[in-house]
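Open the model in your viewer and keep the selection tool ready. This tour goes stop by stop.

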Amino acid sequence: MSQNTLRRVSPIVYVMLLAAMVIFLVPIYMAIITALKNPAEIRLATAWHLPSYPYWQSFVEAYNMLLPSLRNSLILTITGTVLSSLVGSINGFVFSKNRFRGSEIVFTLFLFGMFIPYQIILIPLFQLLRAIGIYGSLYGLILAHVVYGIPITTLIFRNFYDQIPNSLVESARLDGAGFFGLYGRLFLPLSVPGFVVVGIWQFTQIWNEFLWGVTLTKQSSQPVTVGLAQLAGGQAVNWNLPMAGSFLAGFPVLLIYIFFGRYFIRGLLAGSVKE
Amino acid sequence: MVGSKKNTVYSMLVLLPSLILLLIFVYGFIGNSFYVSLTDWGTGAALRENPLKNLIGLENYRQLFTGAIHDRFRQDLVNAIFYSLFLVAGTLGLGLFLAIMLDKGPKGENTLRTVFLFPMALSFVVTGTIWRWIFSPKGGVNLIPTWFGKERGEFLWLSSREQVAVFNWQNVPQIVALILFIIFALLLYGGWKKGRQTQIIWGAVLSGLMLFYALVLHNLLPPIIPYEEFHGFSLATIGIIIAAVWQYSGYTMALYLAGLRGLPVAMYESAKMDGASDITYYLKIAIPNMWPITLSAIIIISHISLKLFALIFSMAGADNASTGHPSVLMYLITFRANNFAVGAAISVILFLMAALFIIPYLIQSYRARR
């Protein structure tokens with residue numbers, strides 16, 4: 001419904017929205033107050049109480065424990081994001097502006113890879129990585145993220161390039177631009193917003209991934225999600241550390257969401273809304 | 001738009017590396033998992049470079065569905081269905097509710113949208129860790145009754161062994177036949193209403209067969225397992241469902257809000273002119289008009305519900321039998337017990353469940369694009 005139809009928003013709506021907002025923020029509240037409590041102060045009976053004073057030490061401890069896996073995640077995520085965005089861009093260029101007989105079928109074949117539950121490829125992937133000697137290293141994880149990232153990055157770039165008018169392409173071709181000239185001189189410079197959407201999407205996906213992290217790595221190459229699961233997984237855990245760890249592991253993506261939320265939502269809708 | 005011949009050659013060359021990778025990593029690997037599921041890989045030295053594998057047909061599947069040692073798989077499968085149903089119902093219901101509240105453009109709309117959507121950006125491991133603390137038996141939500149002067153709640157959110165809607169696994173073929181009967185009977189009814197003869201015949205034959213099986217044949221055949229085995233909705237999954245609904249309702253809200261804003265203003269105005277209240281407008285006009293959005297949301301959320309692995313793992317632990325899911329069991333059987341063949345069989349079952357939603361969706365979007 002458009003914004004210009006002036007309508008009164010009833011107070012009941014505000015009350016319900018406010019209640020929903022409070023409920024949605026409960027996990028954040030719990031995480032903050034627990035992370036900031038002195039471990040001695042954390043008791044189940046007072047789980048909802050504010051800390052009597054902020055105790056920052058847990059963040060330092062959790063940071064030190066998660067540091068190796070944070071470093072792994074950073075390398076993994078940046079490399080994976082850059083590579084899969086580049087592949088997706090040139091693929092999207094073909095599927096949008098250089099269609100050929102059967103290209104729609106190839107595109108559908110591509111898309112299928114986005115929707116499979118990844119358990120179905122896990123055993124052969126595990127075997128292949130072992131066979132070529134990169135099992136348990138970051139290279140194996142990067143390879144998996146780049147390959148299985150192709151469908152979504154291709155889809156988003158295709159939708160993005162569809163918005164570039166065909167007349168522009170025609171006139172560039174009349175001026176003698178070939179396939180790569182057209183891509184390199186016209187499309188790539190226009191692609192910055194596309195790269196932002198794809199980059200943000202891939203960054204959050206790779207950063208948040210857990211299944212491959214827990215099955216295809218060794219201690220030395222664990223991503224932060226696995227590091228956090230281990231930090232939190234022990235029996236009789238001290239809850240200040242997992243909560244502080246959750247903040248550290250969620251911080252980079254939360255930061256991206258707060259500053260680039262618009263683009264994140266575009267990536268989110270790309271997988272579900274057809275043009 | 002179609003380019004020149006030279007362009008087509010370049011296009012194909014550019015796509016070739018991606019195509020080869022996907023043919024191997026998606027299609028080849030799916031085929032390989034299916035093959036592995038037909039072997040006995042995992043009974044011997046499974047991690048050797050060239051492990052012994054013998055083809056044993058569908059034995060792994062038979063064991064999963066009727067074998068005595070795999071009763072956990074059967075409960076996990078039941079859990080998976082309930083996870084999907086409740087996740088779809090919860091996210092669609094809450095998402096639609098939030099979208100309708102926001103549709104009128106209240107003050108602070110941007111802030112509210114941001115709050116409802118931020119959980120989507122976080123990893124299931126991060127949110128699962130936090131929710132585990134919220135659902136701890138002697139703290140968190142169980143303390144809420146004490147604010148109102150009542151006793152502390154005693155429910156074991158993530159470890160309760162209680163089940164409701166319990167049924168005997170021996171009756172599953174009968175239940176499935178009855179569900180199929182209903183589907184085929186609806187087909188028959190639809191054919192009768194639209195006067196389609198072939199549809200009437202097929203509907204009548206298939207629904208008749210299903211009813212015959214459920215009422216007569218099922219009682220004559222030997223039971224699929226020799227003893228009674230009970231499964232049902234495990235109450236320990238409620239906590240995980242709540243966490244998952246919290247995480248994904250923002251997504252359905254965004255979908256529905258885009259849908260509501262996309263409806264023509266005239267639609268609202270003419271409804272108002274006819275004296276319809278806001279509630280009538282949403283129920284009778286807006287929601288039915290957003291059916292395509294609802295359909296794709298159902299498909300996508302059902303698909304997400306098959307990927308709850310990380311949330312269950314971090315909230316309840318992989319070994320927790322009450323909250324299990326086939327994806328978690330696949331991990332345990334493959335990577336902890338090294339029983340690759342049975343792990344592959346579970347992954348194939350998961351894949352087929354996803355394909356049920358995904359293949360019609362892809363065919364439909366292919367047709368729409370062409």
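Which residue of β2(B) does B:Val164 stand opposite? Select B:Val164 and look across: the partner is B:Phe233. Keep in mind throughout that this is a predicted model.

**Stop 1: the strand pair in chain B**

Show residues 163–168 of chain B, which form strand β1. Then add residues 230–234, strand β2 of chain B. The two strands pair in the antiparallel sense, over four bridges. Now check the cover over β1(B): of its six residues, the count that are buried is zero.

Stay on this strand and pick B:Ala165, which lies in β1 of chain B. Its phi is near 50°, a positive value in a residue other than glycine. Most residues other than glycine have a negative phi. Is B:Ala165 buried or exposed? B:Ala165 counts as exposed because it has 10 C-beta neighbours inside 10 Å, and the cut-off for exposed is 12 or fewer.

**Stop 2: another positive phi**

Go to B:Asn338, in the loop between α14 (326–336) and α15 (340–369) of chain B. Here phi is positive too, about 55°, and the residue is not a glycine. B:Asn338 has 16 other C-beta atoms within 10 Å, so it is partly exposed.

**Stop 3: chain A overall**

Colour chain A by secondary structure. You should see 11 helices and zero strands. Its C-alpha atoms fill a box of roughly 75 × 65 × 30 Å along the principal axes. Chain A has 275 residues, and 49% of them are buried. Of its contacts with a separation of 6 or more, 80% join residues 24 or more positions apart.

**Stop 4: where the chains touch**

Select the contact between the chains: 78 residues from chain A and 88 residues from chain B. On the chain A side, helix α11 (residues 240–270) gives the most, with 13 residues. By class, that side of chain A has 55 nonpolar, 18 polar and five charged residues.

**Stop 5: the cores**

The largest nonpolar core has 170 residues. Helix α5 (residues 138–162) of chain A supplies the largest share, 15 residues. Which members touch the most others? They are A:Ile121 and B:Ile346.

Centre on A:Ile121. Leaving aside neighbours within four places in sequence, its contacts include A:Ile116 and, across in chain B, B:Phe25, B:Val26, B:Phe29, B:Ile30 and B:Ser33.

Finish at a second, separate core of six residues. Among them are B:Phe181, B:Phe184, B:Met210 and B:Tyr213.

Conventions. Residues are numbered from 1 along each chain as its sequence is written. Chains are lettered from A and ligands numbered from 1 in the order in which they are written. This is a predicted model: local features need pLDDT of at least 70, side-chain atom pairs count only at pLDDT 80 or more; totals for chains, interfaces and linings use all residues. Two residues are in contact if their C-beta atoms, placed from the backbone, lie within 7 Å. Ala, Val, Leu, Ile, Met, Phe, Trp, Tyr, Cys and Pro count as nonpolar, Asp, Glu, Lys and Arg as charged, and the others, Gly among them, as polar. A nonpolar core is a set of buried Ala, Val, Leu, Ile, Met, Phe, Trp, Tyr and Cys residues joined through C-beta atoms within 7 Å. A residue is buried if 20 or more other C-beta atoms lie within 10 Å of its own, exposed if 12 or fewer, and partly exposed in between; C-beta atoms are placed from the backbone. Two strands pair if DSSP finds at least two bridges between them.
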